[in-house]
2 protein chains.
Amino acid sequence: MRVREAVVTPVAFPDPPLLNSAGLHQPWALRAIVELRCGDGLTGLGETYGDAPHLDLLRRAAPALTGLDPFDTNGLLRRVRTALGAAEAPDRHGLTGAPGPERTTLKVLSPFEVACLDLQGQLTGRPVADLLGGRVRDEVPYAAYLFYRWAGHPGHPAPGTQPPAPLPDRDADPYPEALDPAGVVAQARQLVDRYGFRSLKLKGGVFPPEEEIEAVRALRAAFPDHPLRLDPNAAWSVETSVEVAERTDGLLEYLEDPTPGIAGMAEVARRAPMPLATNMCVVAPDDLPPGFGARAVGVVLADHHYWGGLRRSAELAAICRTWGVGVSMHSNSHLGISLAAMTQLGAALPELTYAADTHTPWQGGVDVVADPLPITDGAVRVPDRPGLGVRLDPDALARLHENYRRCGIRERDDTAYRARFEPGYRKRRPRW
Amino acid sequence: MRVREAVVTPVAFPDPPLLNSAGLHQPWALRAIVELRCGDGLTGLGETYGDAPHLDLLRRAAPALTGLDPFDTNGLLRRVRTALGAAEAPDRHGLTGAPGPERTTLKVLSPFEVACLDLQGQLTGRPVADLLGGRVRDEVPYAAYLFYRWAGHPGHPAPGTQPPAPLPDRDADPYPEALDPAGVVAQARQLVDRYGFRSLKLKGGVFPPEEEIEAVRALRAAFPDHPLRLDPNAAWSVETSVEVAERTDGLLEYLEDPTPGIAGMAEVARRAPMPLATNMCVVAPDDLPPGFGARAVGVVLADHHYWGGLRRSAELAAICRTWGVGVSMHSNSHLGISLAAMTQLGAALPELTYAADTHTPWQGGVDVVADPLPITDGAVRVPDRPGLGVRLDPDALARLHENYRRCGIRERDDTAYRARFEPGYRKRRPRW
């Protein structure tokens, strides 16, 4: 059984106007769906970023995969590496790992590796978690991902799009504006009521730290038993970070990426009362020796999309176990293939002791899979079906690809999008 | 498909009088053969140490494995951990990793994990290498393992054995005495002629360093193109190690465990011109942060028997890759199940850039498998058969178990054995 064809399809799906330290989510989020087709209806699925430079690299790698044995993930890496050469995809928004040829290779490798494991599972009749050592939990807990947000996208057409990019249907986004502690608590209540989340993460770095500390305090008051996290995406200086850390002592299970860089994080870590987590300063293998050597982080947010797939993420978890560092899981806006992959991985990692991040509730039920895994009681039940446990819905894929074709967005740029409505807005890290 | 029964059988096989820094190999080497029987003739194989304390722990763990899904190696670890509690097997000879409950758990885990992977391979029709990411090489190179040695075992019966322990048949051991450079070169020639080895490793720590340096020089003269290694098993002080390192500059691909402990190795590493390798100071996960942090070693000899099996050894290789440390492979006296496991692992590890150690030539063709993998041109061809690729020979297992029953040895003790012939001999590390 060999791969006959690797197909890469860019898609777009509605994304609410969520705020972060880089700007504002655009109306459409991009992803790329990967299919490894082996004939006779046997197809392995993967999902990754849909930004144009990344898409170009996926499309450069895809033809090299014809003839691949899905069990030969070492061979997959060799093929991807050869196809890419020293190519590099920029990461202008700084939220999907870091640049560099090896890091780019791991990002391109990831969806194909996931698709290979999906195939292996289907071929052996086993869920992917079994191929990763067996499930240590039947349900993988996820955290409610709280965002400061606007009520809706302003009605501006994206510049240069022809025809003008349609805006998503507002009805699919039932969450109101959230720009202060009360709004954040109301959003948390809405998400907890609907999905049963048992952990809460606030995306910060949007308002001055004082306001975000107030939001954390309001969350603690409203949800006394929910572990809380705050993630300002490196919006703060070292001194600001230490001050916020001291003022949120006892409130946070971890403080995520308060400040940029390993050196800054290490300085904050020395002085902060809670562990620091990261998906920004330790994001690739070559960050591990300096990052762990400097004790910059207490928790790594494993994200298989840039760590090179599920096996490499399991390796990362093993490294974290060995160095006494905790493991959580990061997410960008994603669809149901990624949710399934994260769930299979999370099921097999004894080291994952924190609820994982997911943007799923923000996607309003839009998906490319026919049978998206539901979030119930704050967790996703690990499917017993072979492979990832989800099937592609070809009609949905076509619809979301049509979105992509028409939406006019080819590269995520939260900063420029926000600047359209707030002239002069620019990304600054640190900002406070 | 579940494990119905885990069977542990101790065996003994003839071992020549090989010298090392701890003493002299006894006439019989001990191993334990593990069978995970699933019914209908489906059995997974593993092999490990046969010393009495380890055997006790294997037998304590075995009943807990009934009902195990062979894909659930996470569950295997939980069962082993629970069965052992805080039990600990001493390692009096210091050649099989290090003591401590977690290290003991990994040692007990290993043969069962290998057997699970053998089962997974048989169930999926795939060689174990495929389950570890696919083979990156079709042949795994091994090094000739040169030993100073006596011609034969003195004819003393082992004390306290009833009936007196039989000595192995001398005819099965075609290698003469080797106690000086000429003897070492002659042994190397014999092994290279027979097996085609392309790398040579000398077990040192037996004679004063000056003599062993001479042996290395003689090997270099006789084999100008063979990479050479010297392994005195921590017989030297830091100063002696540095002196030997300087005097063998340009002769060795690595110097293995010249001196005891991470601190001593780090000091030697700072001053030695060649990388240091280890199977003595970085032998368990909790050695990795201090060992790599101190840059004590440039090469880790992965040994799945004490690193917790094949997947954990692959994790170790990933850690080495990440920290820029090389990977080679260590061996104790072993039989064909271990050779197959080492070969499957070696086939799947891109990081294994050195020829692996093996004692196979010293075992004189004795084995428990019906189809031992041959060493040709210094390498073992990776079998295409599902699982490990070897089958148990029940008659051979019975014969080797009978050896065990009669040989009188229950725990390896090279030091006491040598002291029987050289009263006053004792192990000293460092000795020079």
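Two exercises on a predicted model follow, each with a worked solution.

Residues are numbered from 1 along each chain as written, and chains are lettered from A in the order written. Local features need pLDDT (the predictor's confidence in each residue, from 0 to 100) of at least 70, and side-chain atom pairs count only at pLDDT 80 or more.

**Exercise 1.** Determine which strands stand at the edges of the open sheet 6-15-14 in chain B.

Solution.
1. Strands are DSSP runs of E, at least two residues long, numbered from the N terminus; two of them pair if DSSP finds at least two bridges between them.
2. The order is 6-15-14, with antiparallel pairing.
3. Strand 14 of chain B is joined to strand 15 (residues 379-381) by 2 bridges; B:Ile375 has B:Val380 as its bridge partner.
4. Strand 6 (139-141) and strand 14 (375-376) of chain B each have a single partner strand, so they are the edges, with one side of each left without a neighbour in the sheet.

**Exercise 2.** Describe the interface of chain B and chain A.

Solution.
1. Contact (heavy atoms within 4.5 Å) links 29 residues of chain B with 29 residues of chain A.
2. The buried area (accessible area, 1.4 Å probe, lost by two parts on being put together, summed over both) is about 2400 Å², 52% of it from carbon and sulfur atoms.
3. On the chain B side, B:Phe71, B:Asn74 and B:Trp323 lose the most area, together 24% of what that side buries.
4. The interface has 4 salt bridges (a side-chain nitrogen of Lys or Arg within 4 Å of a carboxyl oxygen of Asp or Glu). B:Asp69 forms a salt bridge with A:Arg126, their closest N and O atoms being 2.7 Å apart.

Notes. Heavy atoms only, no water. Helix = DSSP H or I, 4+ residues; strand = E, 2+ residues; numbered from the N terminus.
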